Amino acid sequence: MDIATIINTVNGWVWATPLIALVFGGAVIACIAISFSNITKFRLQWKLLKTGGGSVEGISPFETFCSVIAYRVAVGNIGGVMLAILYGGPGAVLWMICTALVTSAISFTENSLGQIYKVRMDGQYRGGPYFYMRNGIPWKTLGKVMAVIFAIFATLGVPLLVTGPSASNIALAFENTFGISPIISGGVVAIMLFLVIAGGVRRIAKASTIIVPFMTIGYLIMTIIVLVGHAGEIPDTIRMIVQSAFNVDAAFGGMMGAAFSYGVKRAVNSSGAGFGETPPTAAAAETAHPATQGLVTAFSVYIDVSVCFCSGIMALVSDCFNVIGANGEYIHIGQGSAQMAAEAAANSATVVWVQEGANTVVPGIGGAVIAIALLCFAYSTCIAYYYEGESGLSYLMRHQPQERRQKVIWVIRILMPIMFFIWANVTASTAWAVSEIMFGLMAWFNIISCLILLPIVKKVHDDYFAQRKAGVEEPYFNPQKLGIKNCDVWMDINKDRIEADAKAAAAKK
C-alpha cells in the first residue's frame, strides 16, 4: 500500500459519518441555543462590521472580519466545491448553502469563546481553542490535555500541512492558464508569503483588508459575466441543483446521501467553521463584548458560501463538471470543454473546471481571472494560517520568556514558506487529503469543546441582547456579573464602565 492510499484511507476514517453528524448536529444545537441570531440578526451584523476601532493591543472588527474571511475564502471555495460536485452531484451545492446557514452558529460559538477567554501576551491579545479548553472546560485535566493537543495541531499542522491545497491549486491554475512551472509559481508565492507573515498580526490584518474586498468583488463580477453568457441555461441549472439534492433528478437520482455528505463536508472544510481556525484572530479584536465579534465572524460564513456558490454555478451552468456515481463509474462528463474528458481520465476535480467554465464566455481571459482570484484566495488564507500557528506556539510557550517565544516564532515564519513551495509540487489529491485529516482532527476536539461550553456562550449571547433591548448602544461584558470564571482580562478592558455601574447601583441603595 503506497503512502497516498494510506493518507486517503485515514482521511476516510476521520471524515466518516460520526464527524459529519457531529458537525451538522452540533451546529443545529448551537442555532437553538443562540435563538438563531446567526441568521436573524443580519442587519445588526452588518452594522457591527462597520463600527469600532483597533488599539495598541488589538485590531479593529473590520480588520478582524477581513482576516477571518482570509481564512474562510480559500481554494476550498473553488477546488473543494468541484470535489463536492464530482462525488455528490450538483445537489451538493445546495447542501453546502444549507450547511453554511447552520454552521454560522458554530462560528458564533467558537469566536465568542475566543474573545471570552482571551489574555494579554507580548503586548497583544491572544486567544483560541487552547485557551477556552484549558480555562473554560470544567474538568480541568481534560481541558488541559485537549488544549495541549489542539495547540500542537495548530502550531505544526496548520501552517505546515494544511497549506497543501492552496499551494497545489495555485500551481495548477497558473500552469493551466499561463504555462508557468509549479517550481516558479510556488517559489514566487512562497517569498510573497514570507514578506507578509514576517510582520505579525498587524501586517497580516492590513494585507487582508486590501486583498479580501478586491478578490471577493472581482470573483463576483466574473460569475455575473459567466451567468450572462449562459443566461438561457440558468433555469435548468437551478432545477438540476434542487432536484439532484432531493433524489428527483433523472440524471443524478439516488445521490441525495452523497450530495448531503459531500455538501456538509465541503462546506465545513471551506468555511472552517468548527475547526477552531478563526478564534485566534477573533480574539485579537478590540471590542467591549465577546458577542460583538461572534456576530461579526458568523456573518463571514455567508461571504464564504457566496463564493462557493459562485464557483459551483460557473461550472454547472457551463457544463464544465463531471460526476462519479455510487458504483465508481462516471455518470456525467461535461461537454462544455474538451478538457473535461481529460479531467475525468485523471479522476481530477480542481480549479481547472471553473477556469474552463469562465473560458466558455471569455476565452483565455476568464481562465486568467480565475487563476488570479485563486492566487488571492490561497495567498490570503495562508497568511491567516500562519497566524494560527503563531498563536498556538504562543500558548505552548506561554510560560517561557517573551524573547525565547519570539525566536521560536521565527522558525515557523521560515519553515512555512518552505513547506508551501514543497506542496506546490505535490499532487492535488494528496494535498487535499492531508489537509482534511488535520482539519478533521481539529474539528473533533473543537466542536466537542464548543458543545461543552455552549451554556457559557448562551449566557454571553443573552446578556448582549438583554443590554441592547434595555437601550445600551454598545453592550459591555462583565464576567463576574454572569458568574463566568478565568476571564479576568475583561475586568480591566471594561474597568471604567464596570466601576461606573457599581457606583450607580450603590447610589440607588
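This passage describes two helices and a nonpolar surface patch in a predicted model. Residues are numbered from 1 along each chain as its sequence is written, and side-chain values use heavy atoms, with hydrogens and water left out. Because the model is predicted, local features need pLDDT of at least 70 and side-chain atom pairs count only at pLDDT 80 or more, whereas totals for chains, interfaces and linings use all residues.

Helix H9 (helices being DSSP runs of H or I with at least four residues, numbered from the N terminus) covers residues 140–160 and reaches 30 Å from its first C-alpha to its last, close to the 30 Å expected at 1.5 Å a residue, where the expected span is 1.5 Å times one less than the number of residues. A bend of about 30° occurs in H9 at Ala 154, taken as the angle between axes fitted to the seven residues ending there and the seven starting there. Ala 154 is also among the buried residues of H9, which include Phe 150 and Phe 153; buried means under 20% relative accessible area, exposed over 50%, and partly exposed in between, with a 1.4 Å probe and protein chains only. The buried residues of H9 pack against helices H8, H19, H20 and H21, contact meaning heavy atoms within 4.5 Å.

Helix H2, by comparison, has 17 residues (17–33), and its buried residues include Leu 19, Ile 20 and Val 23. Just after H2, Ser 35 takes a positive phi of about 55°.

H20 also gives the most to the nonpolar patch, with 7 residues, while Val 188 lies in helix H11 and counts as partly exposed because its relative accessibility is 44%.

Methods. Helices (H or I, at least four residues) and strands (E, at least two) are DSSP runs, numbered from the N terminus.
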